[in-house]
Amino acid sequence: MSALLKVENLGIQFGGLKAVQNVNLQMNQGELIGLIGPNGAGKTTTFNMLTGVYAPTEGKVLFDGKSIGGLDPYKVTRQGISRTFQNIRLFKELSVLDNVKVANHGLAKHNVLSSIFRLPSHFSGEVKMEEESLAFLKIFGLEGFRDELAKNLPYGMQRRLEIARALAAGPKLLLLDEPAAGMNPQETHDLMELISFVRKEFNLTILLIEHDMNLVMGICERIYVLDHGQLIADGTPAEIRSNPKVIEAYLGEEVTE
Amino acid sequence: MKKSKVFWSYLALALVIYAVVQFLISGNMVSYASQNMLITMCINIMLAVSLHVVIGITGQFSIGHAGFLAVGAYISAICTMKLGMPFVTAILIGAVVAALAGLLVGIPSLRLKGDYLAIATLGFAEIIRIVFLNIDYVGGAAGMQVTHQSTWTYAFFGVFITILVISNFTKSRHGRACIAVREDEIAADAMGINTTYYKVIAFAIGSFFAGVAGAIYAHNFYIIQPTAFGFLKSFDILIFVVLGGLGSLSGSVIAAIFLTAISTYLQGFPETRMIIYSLVLILVMLYRPKGLMGTKEITDLFKFGKKGGTRI
């Protein structure tokens, strides 16, 4: 198996603060990997570096053999990395369908002039976008809400719409930032099944940040653990569960008398 | 196709409005003052709609729109008065140069956000005005004599093309990309949208039609002076867009018509004119804080049971 994503010695410094340093990750095609760690460990910062929101100050990010560290976010997305956000960032005043269409944007070809003059390429392009976007809404059970404004959806559906939107950008690698945050156990369970399903359906590689240990331990094949901006462990869920460093990071040091 | 049917019925409606007014004008049934008000209305609609694409759709708070109006006015006036070109060519050249000015201003300043962008665009507009003020070739502070060539026909088709192009732009993947930038720039970027490109495109389209408005404006009043393009003019245009409802094209059209009519009517009461005008603005903002139309379009009101969503 070839490495789809290879991260070498990745680090970022904000002024005098080294938020993340020496992170090495490797993800093979088709894997589902978890990234966990206590609050403030640098998980989302790592995501932001992988997706181009922050330019790393050290290290390399290789995706599909190409270096993508420091590229603009939209270029990273077009290379095939797509993400969701920890605090939902839907386009609130757009309809559910339009939210997905926006993400589908990068895959369409018709240009500004063809849209202004309503050339045939505009119509064929827009019809294709509509069909593809509707297909994603169907998978996520949102087709009944296609004309509803995104801000009017209930919370759980907004989370699902975020994943649908991320998929519409046509990624090879999907980064999910706490997809189950704020969900009840039933919703979390449904979400797990959905993630497993889309992974098979779209042949995706997934990197997942999550605090819900049941979800992480339940579906991830391997887990990386961050603490204070550094990787402290990686391995299978069973290995992570019994790793003393991980326990220490989460529960604190044992007091010896 | 249902969609093209809608388009043809709008086109027919527009042509009927045009023909009726044109018939009344050629039959000398419209006073000179009313004709003038109609043309001013058209100019203001063009300005409102062209700023709507920048502020309402793309969410970039630019308050220097009068600068592009000035570029369109002066460049087209130079074309007709100094170079002897026909009016239509002058309108096109004025618009293209205004769009280029938009690119020139937009590329550096659209990196800024919110208040900072507002200040930068205001500054650029003042620079444009001062440049014209100091060029003797265009008359400096005394202004430039321009012959009267703007007619209802030019003004009406100017508005028609402005609305058609901007509504076509909005109802496409490009318009959605611009709205996505307005809603959440970081998320738009993460979804693969080149945010800088779309901000600059929206700005250039807005400047282009401000240039068209400028050309028609210049050939309507016999004289153009730099003082007419100060920041108060920019605020006038901004008021149309905000009062109509940010994000609503028909809202900015309605606001432009409404405010031009009020302003023209109040010219008979010069002492109280600005007081009443300001009171109207305050009342609308108190009772319709999201503007007359909010983010809705007037066509939405006729679609029962359907809401939201841009259609092809």
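# Two chains, one contact: a quick Q&A

Me: Let's start with B:Arg129: buried or exposed?
Reply: Keep in mind that this is a predicted model. The relative accessible area of B:Arg129 is 17%. The cut-off for buried is under 20%, so B:Arg129 counts as buried.

Me: Which residue does the side chain of B:Arg129 meet in a salt bridge?
Reply: Look within helix α5 of chain B (residues 114–133), where the two partners sit three residues apart and are therefore separated by about one helical turn. The partner is partly exposed, with a relative accessible area of 22%. With N to O at 3.0 Å, the residue that B:Arg129 meets is B:Glu126.

Me: And how much area do chain A and chain B bury between them?
Reply: Interface size is often given as the accessible area lost when the parts come together. Here the contact draws 37 residues from chain A and 34 residues from chain B. Carbon and sulfur atoms carry 59% of the buried area, and the total is about 3200 Å².

Me: Which residue of chain B pairs with A:Glu126 in a salt bridge?
Reply: The rule finds two salt bridges across the interface of chain A and chain B. In the one made by A:Glu126, the closest N and O atoms are 2.9 Å apart, and the partner is B:Arg176.

Me: Which helix gives the most to the side of chain A that touches chain B?
Reply: There are 18 residue pairs in polar contact across the interface, both residues at pLDDT 80 or more. On chain A, helices α2 (73–79), α3 (96–104), α4 (112–116), α5 (120–139) and α6 (155–168) each supply at least two residues of the side that touches chain B. The top contribution is six residues, and it comes from α5(A). For the make-up of that side, count 16 nonpolar, seven polar and 14 charged residues, with the most given by α5(A).

Me: How many residues apart are A:Asp64 and A:Lys172?
Reply: Their side chains meet in a salt bridge at 2.6 Å, N to O. A:Asp64 is in the loop between β4 (58–63) and β5 (66–67) of chain A, while A:Lys172 is in the loop between α6 and β7 (173–177) of chain A. A:Asp64 counts as partly exposed because its relative accessibility is 39%, and A:Lys172 is partly exposed too, at 36%. The pair links distant parts of the chain, and the separation in residues is 108.

Me: Which side chain makes a polar contact with the side chain of B:Thr80?
Reply: B:Thr80 lies in helix α3 of chain B and, at 9% relative accessibility, counts as buried. Its side chain also reaches the backbone oxygen of B:Ala77 at 3.3 Å. Beyond four places in sequence, the contacts of B:Thr80 include B:Met85, B:Phe87 and B:Gln149. The side-chain partner, at 2.8 Å, is B:His219.

Me: How far does helix α10 of chain B reach from its first C-alpha to its last?
Reply: The helix covers residues 231–244, and its buried residues include B:Ile237, B:Leu238, B:Phe240 and B:Val241. Among what covers them are α2 (32–57), α3 (65–82), α11 (249–265) and α12 (273–287) of chain B. Just after the helix, B:Gly245 takes a positive phi of about 115°. With 14 residues, α10(B) is close to its expected span, and it reaches 20 Å.

Conventions:
Residues numbered from 1 in each chain as written. Chains lettered and ligands numbered in written order. Predicted model: local features only at pLDDT ≥ 70, side-chain atom pairs only at ≥ 80, totals over all residues. Heavy atoms only, no water. Contact = heavy atoms within 4.5 Å. Buried area = accessible area lost by both parts, 1.4 Å probe. Salt bridge = Lys/Arg side-chain N within 4 Å of Asp/Glu carboxyl O. Polar contact = N/O pair within 3.5 Å; in protein donor to acceptor, adjacent residues only side chain to side chain. Helix = DSSP H or I, 4+ residues; strand = E, 2+ residues; numbered from the N terminus. Nonpolar A, V, L, I, M, F, W, Y, C, P; charged D, E, K, R; others polar. Expected span 1.5 Å × (residues − 1). Buried < 20%, exposed > 50% of the residue type's maximum accessible area, 1.4 Å probe, protein only.
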